[in-house]
Structure formats: structure tokens, C-alpha cells
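Hi everyone, thanks for coming. I'd like to walk you through one structure today, so have the picture open while I talk.

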Amino acid sequence: MNTVTQVPLSELASSARSAFVLDQWYVAAFAWELQDKPMARTLLNQSVVLFRTPDGAVGALEDRCCHRSLPLSCGTVEGGGLRCGYHGMLYAPGGSCIEIPGQERIPAKARVKSYVVAEKNHIVWIWMPKEEGAAPSKPAPDYAWHDDARYRFGGGVYHYDAPYQLIHDNLLDLSHVGYVHQKTIGGNPRVHMTAGMEVGGEGDTVRIVRLLPDTLPPPAYTAVWPFKGGIDRWQEIEFEPNHIRIWAGATDKDSEPLDDPQRGGLHLRGFHGLTPETETTSHYFWTMSANSHPEMPDNLDKVLQQIRSTFDEDRVVIEAQYANMRRFGEAASWVDIHVDAGGIRARRIIERLRKQGE
Ligand code: FES
Ligand SMILES: [Fe+2]
């Protein structure tokens, strides 16, 4: 069933870009990014330093020493926390200064803003509260596929010169696959544009299911799985305000019921954490978890190679799109077509949550 919303995307696009959804978990980093050095990252316009203490705990502080404003990311991690690289003030992961070299008394004001973080399934989430210091109102999202023995995964982090909602649009509209990703996961563009698409979802979620029976395997699929000929493909997309999960895959044509979650074949589970850096730039944290065929047990490297090429293709398109939006001005109107239903639904959710935070 194709669903076309009546709300013009152009209206939602301009208003939603002005602020972010707060009281929300966002991906701050992947666990493997935090080694023995502090890392600076701007998240929702806030300069944050992330670090891992020797006992393995992750801390997140405002990236500014309260003494003379050196970024704390220029400092060093020590047993008790993070030491400023200028005059050596030591901060605990909770933000309070616990040592001033050469001075016994520590002023009560000697502290920096701290953030609540949660490390789960190799993902470091950060709670971005509406009221400074407010505790999270819900647990950080689960992403159990990273710890599922049936899959192996890898991933990376992109920086985008584009607002994060343009990346939502892209991931919620996989009709672009046939045109943008001809060389990788594409296949026949017409099959992608005419595939049946169910758009639903409850609360703050969007769910899109696309089934593409009887099509040809794209280059990225034949490189990692021994398909015999024609294939049946599926794409299941689940949107939440802070990340998108895409479960895609294929079986040999007519070998299994395509709508059965237990179907065999190649399974690719994509994690896409979209975190605004500023109103106009974004962090895109991605992983791909893949199963493997007995004849191709070491297919993960190839999967990741293909996926990286695919995501490079997306970035070129989205950054070119946004550059052109700035060139022509935000008032330049957009025409909505049938493929936009999921993206528009997600923009409505973001807009509603953003307004709740005002
Ligand atoms: S600027 Fe950090 S201790 Fe002086
Ligand atoms: Fe894409």
C-alpha cells in the first residue's frame, strides 16, 4: 500500500531545522572510539569532551575548564578523571574539581557541567536534557544485534555538512537505492520505485516495510552471498528520533515466505545513529551486522567494503542537496511524491517533540 501524506514537506522542513529534540538520548560515540585520550565532539551545539577512565567508565563533560577556559579535551585522562592541560585542575567524571595542584582549598564553584552517559551494546549514548542536570526519564535504547552471536558487525562515523533530518529522509525512502546505489546495492531502479511500501508506526516511531520479490541480486549482494539467480528482497525500516534501524536482506527467489521474520538468506542489519552537531551539520554513526553463508564464512569485510561505498554515495548526494538548498534559499518549494511518506511522518514526530521542549 502506498501512503501519501497531505502535509507539505517544505513546511515541516524549514521549521524543524531551528532546534533539536531534548530530553532524549543521542549517540555520542561508539565504544571503541574512547581509548586512553579524551575526545572533543560537538553535540546539539554543545561542546562536549568524552573520555574513558582506566577502570572503563565513560565520562562526558562540558569541554571548557572553569579556570581559564582551555578545552578539557586538550588534557589527559587520569585514574580519578580528566586533568586540564593548562594548570592541571583534575575533574571527576561528575564534573566537580577534585584537585588543584599547589592549592588545598577547592572552591565550590570549581566544577563543569556533566552529562549522563550510558554504554550499551558498544554504543555510548548521551542524555541531552531540557533542564540542566535533569536525570534521564527513560533508559538508553537497546541494540542487541551488536551482541548477537549470529551476526558480526563493523561500522564507522561520518561527519555531514547537512542537517540530520536530510539523512532521516534518505534512510526512510529507500526508493533512491536503485538510482544512487547502482554500483553497490542498487539493482533495478524501477523495481525500487514501484515496490509496495507499508508505512506505519506508533507513538514516536515510524515503521516502513518494503518487499521486492523476483528481482536480480545487486553487486553488493552477490559479492557476499552465493545467490543462485533471481532473489526476493526485503527492507524493514524502524525510525526513532535518535536512530534508525534497517533490516534488509534477500533469499533465493521463491525459496521461503518473504514476510516471515525467520526467513533464511542474507541478513543485513543496519544501525544508523543520527546526532545533530549543529543546525546545519551532523554526526552519522553507522554499523552493519551481517550473517554469513557456510561457503563465504568471512564475508564481513566485503560487506563493510560494499556498505562504505554505498554510504559514501549517500553522503555525496545529501551534501550536494543541502549545498543547493542553501544556494536556492530555504523558501524554494519542494514537491512531495509517493516515496516521501515515511520521511514526512518522521518530520512530524521531530517537530512535535521539538515543540514540546519549547
Ligand atoms: S585553564 Fe584549566 S587549569 Fe587553568
Ligand atoms: Fe542510500
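Let's start at one residue on the outside. Asp142 has a relative accessibility of 56%, and anything over 50% is called exposed, so Asp142 counts as exposed. Before I go on, please keep in mind that this is a predicted model.

So what does Asp142 form a salt bridge with? The partner is Lys120, and the closest N and O atoms are 3.0 Å apart. Find both on your picture: Asp142 is in the loop between β10 and β11 (152–160), while Lys120 is in strand β9. They are 22 residues apart, so this pair links distant parts of the chain. Lys120 comes out at 23% relative accessibility, and that makes it partly exposed.

Right next to Lys120 in the numbering is a residue I like. Asn121 sits in the loop between β9 (117–120) and β10 (123–128). Its phi is near 50°, which is a positive value in a residue other than glycine. Is Asn121 buried or exposed? At 18% relative accessibility, Asn121 counts as buried. Now compare that with Asp254, another residue that is not a glycine but has a positive phi, of about 60°. Asp254 is in the loop between β15 (243–252) and β16 (266–276), and with 61% relative accessibility it counts as exposed.

Okay, let's zoom out. The protein is divided into domain 1 (24–128) and domain 2 (150–356). Their centres, taken over C-alpha atoms, are separated by 34 Å. Where the two touch, domain 1 puts in 17 residues and domain 2 puts in 20 residues. The area buried between domain 1 and domain 2 is about 1,400 Å², and carbon and sulfur atoms give 68% of that. How many salt bridges are there between domain 1 and domain 2? The count is 0.

There is also a database record to mention here. UniProt, in an unreviewed entry, lists residues 25–126 as "domain: Rieske". Over residues 25–126 the chain is 0% helix and 41% strand, and the C-alpha atoms at the two ends are 5 Å apart.

Now for the inside. In soluble globular proteins, nonpolar side chains tend to be buried together. In this model the largest nonpolar core has 63 residues, and Ile126, Tyr221 and Tyr284 have the most contacts inside it. Helix α7 (residues 300–328) provides the largest share of this core, 8 residues. And where does the core lie? Both domain 1 (24–128) and domain 2 (150–356) give residues to this core, so it lies between them.

Let's stay with Ile126 for a second. Setting aside its neighbours within four places in sequence, Ile126 is in contact with a whole list of residues, including Trp25, Leu43, Val48, Ala60 and Tyr115. Apart from that big core there is another one, of 14 residues, with Val77, Leu82, Tyr91 and Ile100 among them.

Next, a helix you can hardly see from outside. In helix α2 (residues 164–172), 9 of the 9 residues are buried, so the helix is largely enclosed by the rest of the structure. That includes His168, Asp169 and Asn170, as well as Leu171 and Leu172.

Hold on to Leu172, because it takes us to helix α8 (residues 341–356), where Ala346 lies. Ala346 has a relative accessibility of 1%, so it counts as buried. Leaving out neighbours within four places in sequence, Ala346 is in contact with Leu172, Val206 and Phe239. Along the chain Ala346 and Phe239 are 107 residues apart, yet their C-alpha atoms are separated by 7.3 Å.

Helix α8 has a salt bridge too. Glu351 and Lys355 both lie in helix α8, 4 residues apart, about one turn of the helix, and their side chains meet at 3.6 Å, N to O. Glu351 is buried, with a relative accessible area of 8%, whereas Lys355 is partly exposed at 49%.

One more pair: Asp148 bridges to Arg150, with the closest N and O atoms 2.7 Å apart. Asp148 is buried at 17%, and Arg150 is exposed at 57%. Over the whole structure the search finds 17 salt bridges. Some of the charged residues even link up in a network: Arg207, Glu236, Glu238, Glu240, Arg245 and Arg263.

That's it from me. Thanks for listening!

Technical notes. Residues are numbered from 1 along each chain as its sequence is written. Chains are lettered from A and ligands numbered from 1 in the order in which they are written. This is a predicted model: local features need pLDDT of at least 70, side-chain atom pairs count only at pLDDT 80 or more; totals for chains, interfaces and linings use all residues. Side-chain values use heavy atoms; hydrogens and water are left out. UniProt positions are given in the numbering used here, feature names are shortened, and annotations may be inferred rather than shown by experiment. A nonpolar core is a set of buried Ala, Val, Leu, Ile, Met, Phe, Trp, Tyr and Cys residues joined through side-chain atoms within 4.5 Å. Buried means under 20% relative accessible area, exposed over 50%, partly exposed in between (1.4 Å probe, protein chains only). Domain bounds come from an automatic or database domain assignment. Contact means heavy atoms within 4.5 Å. Buried area is the accessible area (1.4 Å probe) that two parts lose on being put together, summed over both. A salt bridge is a side-chain nitrogen of Lys or Arg within 4 Å of a carboxyl oxygen of Asp or Glu.
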